[in-house]
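Hi,

Here is the structure I promised to pass on. Have a look at it first, and then read on for what turned up when I went through it.

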Amino acid sequence: MAERVSQWRSAGEQVILTNGCFDLLHVGHVRYLRAAKQLGGKLVVAVNSDASTRTLKGEGRPRVPEGERAEILAALADVDAVTIFDSPDVTGLIRLLRPDVHAKGTDYTAESVPERDVVIACGGRVAIVGDPKDHSTTDLLKNDLLKNDLLKKDLLKKDLERNELLGRREWPKS
């Protein structure tokens, strides 16, 4: 990755770095990446490894393996390169690539970005991009679980009603 970034710089390109778990890609991710690309230059997306995603998001995550998440992101028109990192943050990658811009989503402010000081020390700047944080994989998963629970309760209720109509007072255990 460092060699590719060096080639881009030699060609006069600006380098923008974004990072995240990108588990279950959704419209918020797409808008974030598009806004980062619109800063001008080559967009590098750093994807949290499976291990670092699990540390950040908890057991049961990620839902999609790191290689597949990286492949999906690499297929997006706004993305120029993807790399997977295993550390809790991207400071090591920032030191290696020295991006001109480190783009973060609107769940941060320029002052609250954890890697801010490293970005500035490496000669870059922090940019907050994307739409308001109205989308998240965590919320999608919670809503999905809630819908599944409601569906199960609804099906159970309908089954109980059907059995009562048939005059059953006992039901076999499943």
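**A pair in the sheet**

Let's start with one small spot: Ala103 stands opposite Ala127, which sits in strand 5. One thing to keep in mind before we go on is that this is a predicted model. Ala103 and Ala127 take us straight to the two strands around them. Strand 4 covers residues 101-104, and four bridges join it to strand 5, with the two running parallel. Between them in the story comes helix 6 (residues 116-121): strand 4, helix 6 and strand 5 make up a β-α-β unit, and that unit is right-handed.

**Zooming out**

How many helices and strands does the chain have? The count is seven helices and five strands. If you walk along the sequence, you meet them in the pattern α-β-α-β-α-α-β-α-β-α-β-α.

The five strands come together in an open sheet with parallel pairing, and the order across it is 3-2-1-4-5. Which strands are at the edges? They are strand 3 (81-85) and strand 5 (125-128), each of which pairs on one side only. On average, neighbouring strands in this sheet are turned by 25° against each other, if you ignore direction. As for what holds such a thing together, strands of a sheet pair through backbone hydrogen bonds, and the pairing can be parallel or antiparallel.

A few overall numbers for the chain: it has 174 residues, and 37% of them count as buried. It exposes about 10500 Å², with carbon and sulfur atoms supplying 51% of that. Now take the contacts between residues at least 6 apart in sequence: 71% of them join residues at least 24 apart.

**The strand 3 side**

Over at strand 3, the partner is strand 2 (residues 42-48), and the two pair in the parallel sense over five bridges. You can find two of the matching positions on screen: Val44 stands opposite Ala81, and Ala46 has Thr83 as its bridge partner. Is strand 3 mostly covered or mostly open? It is mostly covered, with four of its five residues buried.

Helix 4 (residues 66-74) lies across strand 2 and strand 3, and it runs at about 160° to strand 3. Which residues of helix 4 are buried? They are Arg69, Ala70 and Leu73. Looking down the axis of helix 4, you would see these buried residues fall within an arc of 100°, so they line one face of the helix. The general rule behind this is handy: an α-helix has 3.6 residues a turn, so residues three or four places apart point the same way. Among the elements that cover the buried residues of helix 4 are helix 2 (27-37), helix 3 (50-57), strand 2 and strand 3.

**A buried alanine**

Next, try clicking on Ala36, which is found in helix 2. Why does Ala36 count as buried? Its relative accessible area is 0%, and buried means under 20%, so Ala36 qualifies. What does Ala36 touch? Leaving out residues up to four places away in sequence, it touches Ile16, Thr18, Leu43, Ala103 and Val129. You have met Ala103 already, as the residue opposite Ala127. Val129 is worth a look too: it is 93 residues from Ala36 in sequence, but in space their C-alpha atoms are 6.1 Å apart.

**Some backbone details**

Three spots in the loops are left. Where is the cis peptide bond? It joins Arg61 and Pro62, with omega about 0°. Pro62 has its place in the loop between helix 3 and helix 4.

The other two spots have a positive phi without being glycine. Leu24 has phi near 55°, and you will find it in the loop between strand 1 (15-20) and helix 2. With a relative accessibility of 30%, Leu24 counts as partly exposed. Arg98 has a phi of about 50° and belongs to the loop between helix 5 (91-97) and strand 4. Arg98 counts as partly exposed too, at 41% relative accessibility.

Happy browsing!

Key
Residues numbered from 1 in each chain as written. Predicted model: local features only at pLDDT ≥ 70, side-chain atom pairs only at ≥ 80, totals over all residues. Heavy atoms only, no water. Buried < 20%, exposed > 50% of the residue type's maximum accessible area, 1.4 Å probe, protein only. Contact = heavy atoms within 4.5 Å. Areas by Shrake-Rupley, 256 points an atom, 1.4 Å probe, with all protein chains shown as cover. Pairing = 2+ DSSP bridges. Axes fitted to C-alpha atoms, helices over the stretch in contact; angles between N-to-C directions. Arc of directions from axis to C-beta. Right-handed = clockwise from strand over helix to strand, strands pointing away.
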